[in-house]
Amino acid sequence: MGLGRWVFLNGEFVQADAAAQSPFDRGFLFAHAAYEVTALYNSRFIDIDRHLKRLSRTLNAIEIAVPDDDIESLHHEVIARNELDEGLVYLQVSAGNQGPRDFYGPEILRPSIFVFSTERQLISDVAQTGVKAITKEDTRWKRCDVKTTQLLSQSLAYREARRRGAYTALMHEDGVVTEAASANAWIVDQDGAIITRDLSPSLLPGVTRDRVLSLLTDEGYVVQERAFTVEEAKSASECFTTSTGVTILPITSLDGHAVGKGLPGPITRTAQRLYYQYMGANIALAAPWAKAN
């Protein structure tokens, strides 16, 4: 995953290795910051309008002024400067350097803005083969529906998963799945019902989740939006996650137990095919294993 040479920081484009942020920024002192990540495929941003809408919602929720900058134009200039046609663009918006360290700060918190890009293959090998996952108690704060930079719990979940020979984790509260470590979680039960948790402060309203739900619904599938347990996930016929960075990721093993047949299932493949087509991918070239039967 290659970092783009050019980044945008507080009003100017600079070389990535020359970018410098104040250690007194409230994002560093208090994790008082939001972020968004938007995928780029064949030089086209995927659902950037939905990402920017969610950003505004998050900024309002954590009391950071919405930037005056034309954020969408910044995204386009970042990819142009870095000659990027596939990958991710990250937007970090913090509460900025507001002077001496103070919990309250000024009434209006003027933002600091950082935009950078990474080259990344969106339809990767793990999308074809699936991955192992673990379950882990969800220890995050109680506003998981806003996309802030308070990602310590997610980082520790990934670290534990890797130590246990897995790729990711399903987070849960008292045995009820909230979401994956950095993605929304889905299961298909033994009767073929497609289930993903209903939106609440317990999980992020994922842009990819919303798009996949719409694509499946348009295809005639019924999706149940409700909470499900760890045990339901372990006994499911299929399990997958949705996110901007990894799109649709099959989970084939959970806590060492095979999910279904231990292979990506037909609903997962359908979701992948529909979403890849929405991205503008040539299925026959990029993901022949996801093509319709």
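Let me start with the core. In this predicted model, the largest nonpolar core holds 33 residues. Those with the most contacts inside that core are Trp-186, Leu-216, Tyr-275, Tyr-276 and Met-279.

Where does this core come from? Five elements supply at least two residues each: the strands β4, residues 33-41, β6, 86-94, and β11, 184-188, plus the helices α6, 207-218, and α8, 266-279. The largest share is from α8, with six residues. As general background, nonpolar side chains in soluble globular proteins tend to be buried together.

Take Tyr-275 as one of those well-connected residues. Leaving aside residues up to four places away in sequence, what does Tyr-275 touch? Its contacts are Ile-46, Thr-208, Arg-211, Val-212, Leu-215, Thr-247 and Ile-248.

There is also a second core, separate from the one I just described, with 23 residues. Leu-40, Leu-55, Val-93 and Ala-95 are among them.

Now the largest pocket. Its space comes to about 910 Å³, and 42 residues line it. Which of them lie nearest the centre? Those are Tyr-35, Lys-147, Ala-181, Ser-182 and Ala-183.

By element, two or more lining residues come from each of β4, β6, α5 at 152-163, β10 at 176-180, α6 and β14 at 238-243. The helix α5 gives the largest share of the lining, four residues. So β4, β6 and α6 turn up again here: they supply the largest core and they also line this pocket.

Last, the make-up of that lining: 18 residues are nonpolar, 16 are polar and eight are charged.

Note on methods
Residues numbered from 1 in each chain as written. Predicted model: local features only at pLDDT ≥ 70, side-chain atom pairs only at ≥ 80, totals over all residues. Heavy atoms only, no water. Core = buried A, V, L, I, M, F, W, Y, C linked by side-chain atoms within 4.5 Å. Buried < 20%, exposed > 50% of the residue type's maximum accessible area, 1.4 Å probe, protein only. Contact = heavy atoms within 4.5 Å. 1 Å grid on protein atoms, 1.4 Å probe; cavity = no way out; pocket = protein on both sides within 12 Å on 5 of 7 lines; lining within 4 Å. Points joined across faces, edges and corners; volume = space filled by probe spheres on them. Nonpolar A, V, L, I, M, F, W, Y, C, P; charged D, E, K, R; others polar.
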